[in-house]
Amino acid sequence: MSTAVRQLTIEPLTREAFAPFGDVIDKEVSEYFMINNGSTRRYHAMANVDVADEGGAAIISIFEAQPLNYPLRITMMERHPLGSQAFIPLLGHPYLILVAPKGDTPDPAQLKAFYSHGRQGVNYGKGVWHHPVLALHENDQFLVVDRAGPGNNCDEVHFSDDVRIELSLSSLEQEASTVVL
């Protein structure tokens, strides 16, 4: 008996669509105020760094990621129950985001895929299920703001073999006139 494969649709990353999962960090749609005698725009409080549970502290790291092979079979998701985790692209390359709502385990039927044009970051809310970095370019780099400290802050769930979810770039390629990979 073969198992049906669910093809995920990749949608544009917007604040409204991503709100159940966290924050979109995007100065193009954010308000600002002037500082430093009028020479600098401050896009203030674009995301909430939520890491203080169980004595956690905010840290800043750089992740360098490689693209995976597509179509990609989704076999696992992870979450950080004690803190938020923000990814801000440093090189301006588009990348993908795959999330599922908070809960004891991720529901494969509720996975959502988003496309960032490379000038948008995301801040996963505490406990939001997400796939590890989905870079689309070699040696892509992300500034990551997340939690260090005591306690288990990374849960991984691996789907059973009969769960067949696939993430393909074909939906992006169909919109090639508006999307640049």
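Which residues do ring pairs link into a cluster? In this predicted model, the cluster consists of F18, F21, F63, F87, Y95, F114, Y124 and F142. Before looking at parts of that cluster, it helps to view the chain as a whole.

The protein chain has two helices and 17 strands. Its radius of gyration is 17 Å, close to the 16 Å expected from the globule rule for 181 residues, so the chain is as compact as a globular protein of that length. Along the principal axes, the C-alpha trace spans about 70 × 45 × 30 Å. Of the 181 residues, 40% count as buried. The accessible surface of the chain comes to about 9700 Å², and 51% of that surface belongs to carbon and sulfur atoms. Contacts can also be sorted by how far apart the partners are in sequence. Among contacts with a separation of 6 or more, 82% are between residues 24 or more positions apart.

Now return to the aromatic rings. A search of the whole structure finds nine aromatic pairs. One of them joins F18 and F21, with 5.8 Å from centre to centre and 50° between the planes, and this pair is tilted. F18 has a relative accessible area of 0%, so F18 is buried. F21 is buried too, because its relative accessible area is 4%, and the cut-off for buried is under 20%. F21 also pairs with F114, this time edge-to-face, at 6.2 Å centre to centre and with 65° between the planes. F21 lies in the loop between α1 (15-18) and β3 (22-25), while F114 lies in strand β11 (residues 112-116), so their pair ties together parts that are 93 residues apart in sequence. Both F21 and F114 are buried.

Strand β11 also holds Y115. Is Y115 buried or exposed? Y115 is buried, because its relative accessible area is 9%. In sequence Y115 and I10 are 105 residues apart, yet their C-alpha atoms are 6.3 Å apart in space.

Another residue to find in the structure is V144, placed in strand β15 (residues 140-148). Its relative accessible area is 0%, so V144 is buried. Leaving aside residues up to four places away in sequence, V144 touches I59, I60, S61, F63, Q85, A86 and F87. Two of these names, F63 and F87, also appear in the ring cluster. From V144 to P89 there are 55 residues in sequence and 8.8 Å in space, C-alpha to C-alpha.

The next topic is charge. Side chains of opposite charge can pair when their charged atoms come close. How many salt bridges does a search of the whole structure find? The search finds five salt bridges. One of them is between E28 and R119, whose closest N and O atoms are 2.7 Å apart. E28 is in the loop between β3 and β4 (33-35), and R119 is in the loop between β11 and β12 (121-124), so this pair ties together parts that are 91 residues apart in sequence. E28 has a relative accessible area of 48%, so E28 counts as partly exposed.

K126 takes part in salt bridges with two partners, D50 and D53. With D50, the closest N and O atoms are 3.3 Å apart. K126 lies in the loop between β12 and β13 (129-130) and D50 in the loop between β5 (40-42) and β6, so the pair ties together parts that are 76 residues apart in sequence. D50 is partly exposed, because its relative accessible area is 26%. With D53, the closest N and O atoms of the salt bridge are 3.0 Å apart. This pair, too, links distant parts of the chain, since D53 is in the loop between β5 and β6 and K126 in the loop between β12 and β13, 73 residues apart. D53 counts as partly exposed because its relative accessibility is 32%. Through shared partners, the salt bridges join D50, D53 and K126 into one network.

Finally, consider a nonpolar part of the surface. I62, L90 and L91 form a nonpolar patch there, and together they have about 270 Å² of accessible area. I62 belongs to strand β6 (residues 57-65). Its relative accessibility is 55%, and exposed means over 50%, so I62 counts as exposed.

Definitions and conventions
Residues are numbered from 1 along each chain as its sequence is written. This is a predicted model: local features need pLDDT of at least 70, side-chain atom pairs count only at pLDDT 80 or more; totals for chains, interfaces and linings use all residues. Side-chain values use heavy atoms; hydrogens and water are left out. Patches are made of residues with over 30% relative accessible area and no salt bridge: like charges are joined within 9 Å, nonpolar side chains (Val, Leu, Ile, Met, Phe, Trp, Tyr) within 5 Å. Accessible areas come from the Shrake-Rupley method with a 1.4 Å probe; for residues, only the protein chains shown count as cover. A salt bridge is a side-chain nitrogen of Lys or Arg within 4 Å of a carboxyl oxygen of Asp or Glu. Helices (H or I, at least four residues) and strands (E, at least two) are DSSP runs, numbered from the N terminus. Buried means under 20% relative accessible area, exposed over 50%, partly exposed in between (1.4 Å probe, protein chains only). Rings of Phe, Tyr and Trp (its six-membered ring) pair if their centres lie within 6.5 Å; planes under 30 degrees apart count as stacked, over 60 as edge-to-face and the rest as tilted. The radius of gyration is taken over C-alpha atoms; the globule rule is 2.2 Å times the number of residues to the power 0.38. Contact means heavy atoms within 4.5 Å.
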